[in-house]
Amino acid sequence: MSGREMKAPVLPLRRHGRIAPAVGGDVLLSVSIGPAGEAVALWSAPADREALTSVTVQPGWASFPDSRAAQPAAARITVHSPEPSALVPIAALPIAHATVQPLPDGRFLLVGARCRWRPDGPDRNAIVYGPDGTALAEHTFGDGIQNVFTTASGDAWVGYFDEGVYGNYGWGGSGAQPMGDCGLIRFGADGQPQWRFPADDAPFIDDCYALNVVGETAWACYYSDFPVVRIEGDRVDVWDNGLAAGATSLIVGAGTVGLAGGYSPHRDRLVVGELGDGRLGDGREFRLVLPDGDALPDQVWMIGRGPDLHVVHGGDWYRVGLDDVRP
């Protein structure tokens, strides 16, 4: 731990609720936060977890997450606000490494992180399910998906990591141009791109580390210079960030942003800065801890939505917001 981290004041998370399975014994595959601050979780039976998180291992080298489930398997979506408010059973989920977000009219969008391109067509890694778990539509959102946030109107903002930008899984090279080569896309309710991040209005996105969506407005912080950008309508505003490189989550308020997480040993760091004239200023650094003062566990889901940072570990749901750190 660096000297700077040791001097940073601790900021305890607040216990917000418990994210528990609706079916006893289910394991948590992923959790995200919807437009109203609700937690949306994806579950499966333990026996199906391996299929829905399948990987391809190259002997003696590395493993790669698969784009499709090893075999379609049953899954369940639950919504927590923070009490359980919905349960949607899916009979046979065909995609692996999926994130779920809510859509209007009780529908849900499930998006797989990986998407393979083939000459006969790419995977459809975005599936819309109805309130009864029936698949209503399938779309292609591309490979290398880091973040997915829907809006109350039914749009979906998608941020891509470096393989989605530069190409892998058949994209790039002799294959199709990577769908996520701009780093950030807004998809409409029809599953088609409505807006793509413009390279001439802001520094290029190599890897969209952090994304936050408030109403219909998106905020991002990304590799390699980690500027903070706001996309409101078709307008892009940029603030240089000299406060915190490597942040993995972003929270936003009136004239203020918080940059959470980062490279080791900064995984428990929160830096709060003011949106100045093209630059973040007046940075204040905190170290996030559990409500009892214990250190943040190594493996947590850390998700920014609006001004609140949501942290989920082992079913425990914690929150902290910009209101908690105002002078």
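Let's start with a cluster of charges: Arg230, Glu232, Arg235 and Asp237 are joined in a network of salt bridges. The structure you're looking at is a predicted model, and by the rule used here it has 15 salt bridges. Its count of disulfides, on the other hand, comes to zero. Below is a quick tour of a few salt bridges, the cysteines and the confidence scores.

**Salt bridges across the sequence**

- Take Arg18 and Asp316, whose side chains meet in a salt bridge with an N to O distance of 2.9 Å. This pair links distant parts of the chain, with Arg18 sitting in strand 2 (residues 14–18) and Asp316 in strand 27 (residues 316–321), 298 residues apart.
- Arg18 itself counts as partly exposed, since its relative accessibility is 47%.
- Next up is Asp26, which pairs with Arg76 in a salt bridge; their closest N and O atoms are 2.6 Å apart. Asp26 is in the loop between strand 2 and strand 3 (27–33), while Arg76 belongs to strand 7 (residues 68–80), so this salt bridge ties together parts that are 50 residues apart in sequence.
- Are Asp26 and Arg76 buried or exposed? Asp26 counts as buried at 10% relative accessibility, and Arg76 is buried too, with a relative accessible area of 14%.
- Asp143 and Arg114 make another salt bridge, with 2.8 Å between the closest N and O atoms. Here both partners come from loops: Asp143 from the one between strand 12 (135–139) and strand 13 (145–150), Arg114 from the one between strand 10 (108–112) and strand 11 (126–129), so the pair ties together parts 29 residues apart in sequence.
- Asp143 and Arg114 are both buried.

**Cysteines without a bond**

- Why is there no disulfide between Cys208 and Cys221? The closest cysteine sulfur to that of Cys208 is in Cys221, and at 8.7 Å it's too far away for a bond, because a disulfide needs the two sulfur atoms within 2.5 Å.
- Look at it from the Cys221 side and you get the matching picture: its closest cysteine sulfur is the one in Cys208, 8.7 Å away.
- As for surroundings, Cys208 counts as buried at 0% relative accessibility, and Cys221 is buried with a relative accessible area of 0%.

**How confident is the prediction?**

- The protein chain has an average pLDDT of 95, and 98% of the residues score at least 70.
- Be a bit more careful with residues 1–5, where pLDDT stays under 50. For this stretch, the model has nine contacts beyond four places in sequence.

Definitions and conventions: Residues are numbered from 1 along each chain as its sequence is written. This is a predicted model: local features need pLDDT of at least 70, side-chain atom pairs count only at pLDDT 80 or more; totals for chains, interfaces and linings use all residues. Side-chain values use heavy atoms; hydrogens and water are left out. Buried means under 20% relative accessible area, exposed over 50%, partly exposed in between (1.4 Å probe, protein chains only). pLDDT is the predictor's confidence in each residue, from 0 to 100. Contact means heavy atoms within 4.5 Å. A salt bridge is a side-chain nitrogen of Lys or Arg within 4 Å of a carboxyl oxygen of Asp or Glu. Helices (H or I, at least four residues) and strands (E, at least two) are DSSP runs, numbered from the N terminus.
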